[in-house]
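Work through the three exercises below with the model in view. Each one has a task and a solution in steps.

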Amino acid sequence: MGKKSWGKKAAGGFAAVMALSMVLGGCGTNNKQNAEGEGGKKEVSVSIYDRGQIPKEEGTYADNRWTRWINGNGPVNAKFIPIPRNESQQKYSMLFASGDAPDLVLEYDTDFLNSLWAQKQLLPLDDLIANNSTEYKALLEKVPALRTLGTKPDGKLYLIGMVTKPEVLGAMVIRQDWLDKLGLEVPQTIDELYAVADAFANQDPDGNGVKDTYGINLSQFATYYIDAMFQNEMFIVENDQLVRQFDRIKPAYDFKKKLFEGGIVDKDFLSDKNGQKAEQDFASGKLGIYLAYSTVISKNFDTLKSTDPNAKVTAMAFPETQFGRFGPDFNPALQMTGAVNANAKDPEAVMQYIDFMVTPSTVETFAYGIEGENYTKESDGTFKPIDEATNETQMGYTNDYRMFMPKYILDTNTIGGRPADSTDPIDREWIAIAEQMDKLYLDPEHPHPGFTHAKFRPSLDKAMTTTFNDGWNTMNDTMAKSIVSGDAYTVDQGVEDVKKSWYASGGQALEDWYKQWYQDNKDSWIFMKELYTMKFE
Amino acid sequence: MKSTSGEKVFYGVNYFILVLAALSCLLPIVHILALSLSGNEAITLGKVSLWPQDFTWTAYSKLIEDTNIVGAFRNSVVITLVGTGLNMAFTILAAYPLSRKHFYARRFLTLAIVFTMLFTAGLIPNYLLAKSLGLVGNYGALWLPGLVSVYNLLVLRSFFENIPEELEDAARIDGSGEWRIILQIVLPLSIPVIATIALFYGVAHWNSFFNVLIYINDPERFNLSVLVQNMIQSQSLMSELAMLDPDAFRKLAPESIRSAGIIVMILPMLLVYPFLQKYFVKGMLIGSVKG
């Protein structure tokens, strides 16, 4: 008897484990099947970034009040495929390889979309839009640049994009109270910038008798902003030619090296890769001139005001150098954000989805919410939120559904990320700074250097992309070494090495290609200045 | 017994180095724990090192309210418990017959199994296989493809081989069959190695990240690694993509919440390890002496 009962028990145990795994394994697929086929609408699948930050009571990125709203009000049934934000490209590659990729692929990285195009995974949209679209077609007519930027070298349109208002991204702020205390002016030239930064670091602007302040930061993007002041971009337009320049590297790095050796910047700036140390320095009132994203400055501005209520901050223009006067990086009005899978089962239905999402009423719903639930309409036509906190919970995660929506049609009720009608004194102070930034940094007279915005460089083949990226990385790594090495490795040596490695890794071919491309496209492409002056109304 | 001064110095240096090594593992965890219990402003100002400043539990309550961490925790537990259970069941069932000398074709089968260690298919073939088996989208894709790890199988097999055959003979004379022998004789004698291997499998399942990312599409079914990774990686991603994806920055979870996520993620393993440690050392050792 013993033998048999053991066998039975063990077998029973395994059966239970297997059955459990079946049950647990099976339920996901069943749920999905039930969700399909509501109301007999056509099915499309759409990617959606999963950032892991949707409030629990709202559901998931694949199923929440907004996905239900889309399916309830839209012409098609959209099935949302969550794509983990940080591994989006791996996930997409996997889905494409196995034929499971969504019909509509939304991705911010245009290089990745280009690589999908190169692998023939994308559907040309020209005929589809001509025959089946109304809304997106109208948008293309209104904003022809969307077509220019979405067209690939084979002359067909593949990408869809969004249209916003241009926004400040990078910024440069200075401690006005320190300037006042030391009797200095906001620096206008690069030499004045050095003098002021030096004074901030060495003349004890916070008055605590200890040398514990920094003049300026060089961490994270700050080093690129100083490059921008010297027009130190890889490719610039000179004498109507698109050239790879090397003569701006030296002045830019001489300046950085001088800052480093003068003890004006944090000696450990190279290890502050994500800029956190600089954030702390600024927030605790130890940093005089701060170069960072305006959103980062805004966040730390609040902390600064609570550590030191008397702190006063002003936005400043990039100082002038021998190469002219430039501006920080900004968010241009256009961005290509999506494409249609070449194997989409029903491209017409995908187009219907795109059209529905770019319809002004949909755009408004996704910006302000549902009338009576999230906002009320004032008599002057403006939208008044009913409860900010509820809206944050219910709508804080909707941005990724809006990736290709024309947001320029919306009236914004925030300035610099804060409610325009806020009565909080710190908000008011920041709003004044943000308005100043808009004026300084969205000025076509002082554009960001480079022939066009990084998002709109022409697509390169794989080898040339490698050359480009290696050239960029080598330049930054080699030159960073020259900042911190004193006489052991001078800036001149650095520039020599940068040049050498550029030509050793196929730089000449890329230069020739770019030169030719510029001659062929200089009348049709979107260049930097145009990005500042574009108007859609 | 008295130790010479040379020995004292030797032990002193040893302890010093080992303490340093231990601290280098411990301090980051203490720092993360402190961050998770501190106010945001203190964190921004860089005041938090090893002791929480402005002590608060908000990060944890926010984590529970605002993210699906409870569900993810439950999923991690299911993945780990069921996965480890299946792994152990099948590894034992494979290792036991291979360890019996009277088992037919045992050499050939062992070789055939070892042979599979030489090759692994790439990611995409694996995915296509899982898809054709209908495993994509459910945890089967996490449990079945790696059901038996050959390495663990071999460790277990050599352990079983070391159990004296006389015990088995005695049991057989008393009338027990194969099931009773394995369950009542072999397994109780193998607890150290069973615990060790279960821990190997368990940790792998608990930390399983990439497979969940690739095979599971329903966010309700993500585990802790994916959820926490989603929160913490935004920071490193930011420097490259913030320009292309401004939202990545705006929606960045505060550092305290990210730290709380990390703590929730590592805590269960921290709690399990001490209880299994005594087996762990023994199991590793015994498996390794005779191959």
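Two residues are in contact if their C-beta atoms, placed from the backbone, lie within 7 Å. This is a predicted model, in which local features need pLDDT of at least 70, side-chain atom pairs count only at pLDDT 80 or more, and totals for chains, interfaces and linings use all residues. Residues are numbered from 1 along each chain as its sequence is written, and chains are lettered from A and ligands numbered from 1 in the order in which they are written.

**Exercise 1.** Describe the helices, strands and contacts of chain B.

Step 1. Helices (H or I, at least four residues) and strands (E, at least two) are DSSP runs, numbered from the N terminus. Chain B has 15 helices and zero strands.

Step 2. Take the contacts in chain B between residues at least 6 apart in sequence: 69% of them join residues at least 24 apart.

**Exercise 2.** Find how strand 1 of chain A pairs with strand 2 of chain A.

Step 1. Two strands pair if DSSP finds at least two bridges between them. Here nine bridges join strand 1 to strand 2 (residues 76-84) of chain A, in the parallel sense.

Step 2. Within this pairing, A:E43 is opposite A:N77 of strand 2.

**Exercise 3.** Which residues are in contact with A:V350, leaving aside its neighbours within four places in sequence?

Step 1. Apply the contact cut-off to A:V350, without those neighbours.

Step 2. The residues left are A:V44, A:D103, A:L104, A:V340 and A:A344.
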